[in-house]
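Let us go through this structure step by step, taking its sheets in turn, then the helices that lie on them, and at the end the core that they share.

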Amino acid sequence: MRSRLNLILLGVANVAHAVAFYEALGWRLAATSHAGFAKFDLGGVVLGLLPREQMAQDAGSPDAAGYGFGGMALAYVARHPDEVADTLAAAQAAGGVLVKPATRNAWGIAGYFKDPDGHLFEVVYEDGWVFDPQDNLVV
């Protein structure tokens, strides 16, 4: 298995409602999306939104409900320190929930929000991250 991810799948309560949230953040819905499976191009990786119950059934899970901290977050690396607070505010304005405001830490500035379905996102700025000319993160 190559070390890469192609799809990030999020189970959501209502696909149309989730699409509206991500579109409000400025993300573009892919033309190949449909009511049961929405797709956003993240630059070589696709964010897929599908009904949570359907995703649980597909994975063989007896319960589609999530409980508490899931032990993971999706992360957006900002290019400038001020972008952290701006991005968190945009997520709130779009219907997300602020979990932690932009806070200075030992590495830079970070904060968290949850999308309307409770998926946790970190927004972070650190001096050490480098982007290539196509805006991809260089590891």
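Helix α2, which covers residues 52-59, lies across β1 and β3 and runs at about 95° to β3. Before going further, please keep in mind that this is a predicted model, in which the pLDDT averages 91 over the protein and 99% of the residues score at least 70. Confidence is highest in α1, at 98, and lowest in strand β9 (residues 137-138), where the mean is 85.

The two strands crossed by α2 belong to an open sheet of 3 strands, arranged in the order β1-β3-β2 with mixed pairing. Because β1 and β2 stand at the edges and have a single partner strand each, one side of each is left without a neighbour in the sheet. On average, and with direction ignored, neighbouring strands of this sheet are turned by 20° against each other. Between β1 and β3 the pairing is parallel and extends over 6 bridges, with G11 standing opposite L50 in β3. Helix α1 also packs on this sheet, where it touches β1, β2 and β3, and its direction makes about 150° with that of β3.

A further open sheet has 4 strands in the order β4-β7-β6-β5, again with mixed pairing. Here β4 and β5 stand at the edges with a single partner strand each, so one side of each lacks a neighbour in the sheet; neighbouring strands are turned by 15° against each other on average, direction ignored. Following the order across the sheet, β4 and β7 pair in the parallel sense over 4 bridges, and the bridge partner of A75 in β7 is E122. The strands β7 and β6 run antiparallel and are joined by 7 bridges, with F113 opposite F121 in β7. These two strands form a hairpin with 5 residues between them, and G118 in the turn has a positive phi of about 90°. Finally, β5 is joined to β6 by 5 bridges in an antiparallel arrangement, in which K100 has Y112 in β6 as its bridge partner. As for burial, β7 is mostly covered, with 6 of its 7 residues buried.

Which strands does α3 lie across? This helix lies across β4, β5, β6 and β7, and it runs at about 10° to β6. Within α3, the residues V84, T87, L88 and A91 are buried, and, seen down the helix axis, the buried residues fall within an arc of 100°, so they line one face of the helix. An α-helix has 3.6 residues a turn, so residues three or four places apart point the same way. The buried residues of α3 pack against α1, β4, β5, β6 and β7, whereas the face turned away from the buried side carries the exposed residues D82, D86 and A93. After α3 comes G95, whose phi is positive, near 115°.

These elements come together in the largest nonpolar core, which has 22 residues and in which L10, Y22, L49, V84 and F113 have the most contacts. At least two residues each are supplied by β1, α1, β2, β3, α3, β6 and β7, and α1 gives the most, with 5 residues. L49 can serve as an example: leaving aside its neighbours within four places in sequence, its contacts include L10, V12, V15, A18, V19 and Y22, as well as G36, F37, A38 and F40.

Conventions. Residues are numbered from 1 along each chain as its sequence is written. This is a predicted model: local features need pLDDT of at least 70, side-chain atom pairs count only at pLDDT 80 or more; totals for chains, interfaces and linings use all residues. Side-chain values use heavy atoms; hydrogens and water are left out. A nonpolar core is a set of buried Ala, Val, Leu, Ile, Met, Phe, Trp, Tyr and Cys residues joined through side-chain atoms within 4.5 Å. Buried means under 20% relative accessible area, exposed over 50%, partly exposed in between (1.4 Å probe, protein chains only). Contact means heavy atoms within 4.5 Å. The arc is that of the directions from the helix axis to the C-beta atoms. Two strands pair if DSSP finds at least two bridges between them. Axes are lines fitted to C-alpha atoms, for helices over the stretch in contact, and angles run from 0 to 180 degrees between N-to-C directions. pLDDT is the predictor's confidence in each residue, from 0 to 100.
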